[in-house]
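Here is a short briefing on one structure. Please look at the sequence and the model before reading the points below.

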Amino acid sequence: MDYHSIVLAHRVLVTAFLLHYVWKTFLLVGNKKETLAAYTAKTRIAEMVVSLFFLLTGFYLIYAGPALSTLQWIKIAMVFASIPIAIIGFKRGIKPMAIVAVLLIVGAYGLAEMNKAKYKKMDKAPVDTSTAAGDPVAIGKEVYTAKCVACHGDAGDAGLGGAKNLKLTTLTDDQQKDIILHGKGGMSAFPLPDDQLNGVVAYIKTLKQ
Ligand code: HEC
C-alpha cells in the first residue's frame, strides 16, 4: 500500500470510530442502557479491529508522513487522552467522562481539518525572499526551507509523505516547475512567483551534488 492509500484508510477508520463513539455516548446520555449494552456487545470485535488499525495507520503516518505541526501533536495528545477516559467512562457508565472523551475525539478531528486548511493557505502564500538579494539559489533555498523540507527534508531525500527523492530526480526544469505549480499526487500546488519558482529549481540542482 502506498502512503496515500494509508492516509485514506486512516481517515475512513477515524470517521467510523468517531461515529461509533458519538452513537455510544448518545445512548449512554439518553439512559438507553440495554440498547447500549447490546450495541457494545455486537460491535466489540469491530471496535477492536477499527481502533487497532486506526492506531497502526496513525503511527505509520507519524513515522512516514511530513514533519508534524504543533496542531498535529495536540491532536495526537487529545486522541491518546481520550482513550482511558472513554474506557473508564463507558465501563462505569459515567456520562461526563464519556462526553469528555467524545469531545476530545471530535476536537482532534476538528484540529486535523484546521491543520489541513492552514497548510493549504500556507502553500499558496509567497515567501519573503528579500534577504536573498536577487541570487536565484539563495532565493530557492529560502523557498525550499519554508515550503519543501516538511516532506523532502533538508537534503532532498527524506521521502516523507511519499515524496520523491530530489537528489535523484531525472525531470527537466519545466517538468519540475509544472509539478511545483500544479502539484501531483500527495504534493500540493505551490503557485510561486517566477523568481521563486526558478530559484527553487536552481536550488534542487545543488542538492544533487
Ligand atoms: C506534503 C509533502 C510535500 C511537500 C511540502 C512538497 N512536496 Fe514535492 N513531492 C511530494 C510528493 C508526494 C511527490 C511525488 C509526486 C508524485 O509523483 O506522485 C513530490 C514530487 C516532487 C517533485 C518531482 C520529483 C520527481 O522526480 O518526480 C519535485 C520537483 C518536487 N516535489 C519539488 C518540491 C518543491 C520545490 C517543494 C516546495 C515548494 C515541494 N516539492 C514540497 C511531496 C511534497
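How much space lies in the second largest pocket? The answer is about 610 Å³. The model is predicted. The points below take that pocket, then the ligand site, the domains and two backbone outliers.

**Second largest pocket**

- The lining of this pocket counts 24 residues.
- Tyr21, Lys24, Glu47, Ile87 and Phe90 are the lining residues that lie nearest the pocket centre.
- Three elements each give two or more residues to the lining: helix 1 (3-29), helix 2 (33-64) and helix 3 (70-92).
- Helix 2 supplies the largest share, with 11 residues.
- By class, the lining of the second largest pocket holds 14 nonpolar, 5 polar and 5 charged residues.

**Ligand site**

- The ligand is surrounded by 20 residues.
- Cys148, Cys151, His152, Thr169 and Met187 are the closest of these.
- His152 also has a side-chain N or O atom that sits 2.8 Å from a nitrogen atom of the ligand.
- Two lysines face ligand oxygen: a polar side-chain atom of Lys164 is 3.0 Å from an oxygen atom of the ligand, and for Lys184 the distance from a side-chain N or O atom to a ligand oxygen is 3.4 Å.
- Helix 6 (149-152), helix 7 (173-182) and helix 8 (194-207) are the elements that give two or more residues to the shell around the ligand.
- Helix 7 gives the most, with 3 residues.
- The shell around the ligand divides into 11 nonpolar, 6 polar and 3 charged residues.

**Domains**

- The domain assignment splits the chain into domain 1 (3-124) and domain 2 (130-207).
- Between the C-alpha centres of domain 1 and domain 2 there are 35 Å.
- In the contact, domain 1 takes part with 10 residues and domain 2 with 12 residues.

**Positive phi outside glycine**

- Which loop holds Asn31? Asn31 lies in the loop between helix 1 and helix 2.
- Asn31 is not a glycine, yet its phi is positive, at about 60 degrees.
- Ala133 is a residue other than glycine that also has a positive phi, near 45 degrees.
- The loop that contains Ala133 runs between helix 4 (95-124) and helix 5 (136-147).

**To recap**

- For the second largest pocket, keep the volume of about 610 Å³ and the leading share of helix 2.
- For the ligand, keep the side-chain pairs of His152 at 2.8 Å, Lys164 at 3.0 Å and Lys184 at 3.4 Å.

Terms used:
Residues are numbered from 1 along each chain as its sequence is written. This is a predicted model: local features need pLDDT of at least 70, side-chain atom pairs count only at pLDDT 80 or more; totals for chains, interfaces and linings use all residues. Side-chain values use heavy atoms; hydrogens and water are left out. A residue is near a molecule or strand if one of its heavy atoms lies within 4 Å of it. A polar contact is a pair of N or O atoms within 3.5 Å; within protein, one must be able to donate a hydrogen and the other to accept it, and residues adjacent in sequence count only if both atoms are side-chain atoms. Helices (H or I, at least four residues) and strands (E, at least two) are DSSP runs, numbered from the N terminus. Ala, Val, Leu, Ile, Met, Phe, Trp, Tyr, Cys and Pro count as nonpolar, Asp, Glu, Lys and Arg as charged, and the others, Gly among them, as polar. On a 1 Å grid over the protein atoms alone, a cavity is a set of points where a 1.4 Å probe fits but cannot get out, and a pocket is an open set with protein on both sides within 12 Å along at least five of seven lines; lining residues have an atom within 4 Å of a point. Grid points are joined across faces, edges and corners, and a volume is the space filled by probe spheres set on the points. Domain bounds come from an automatic or database domain assignment. Contact means heavy atoms within 4.5 Å.
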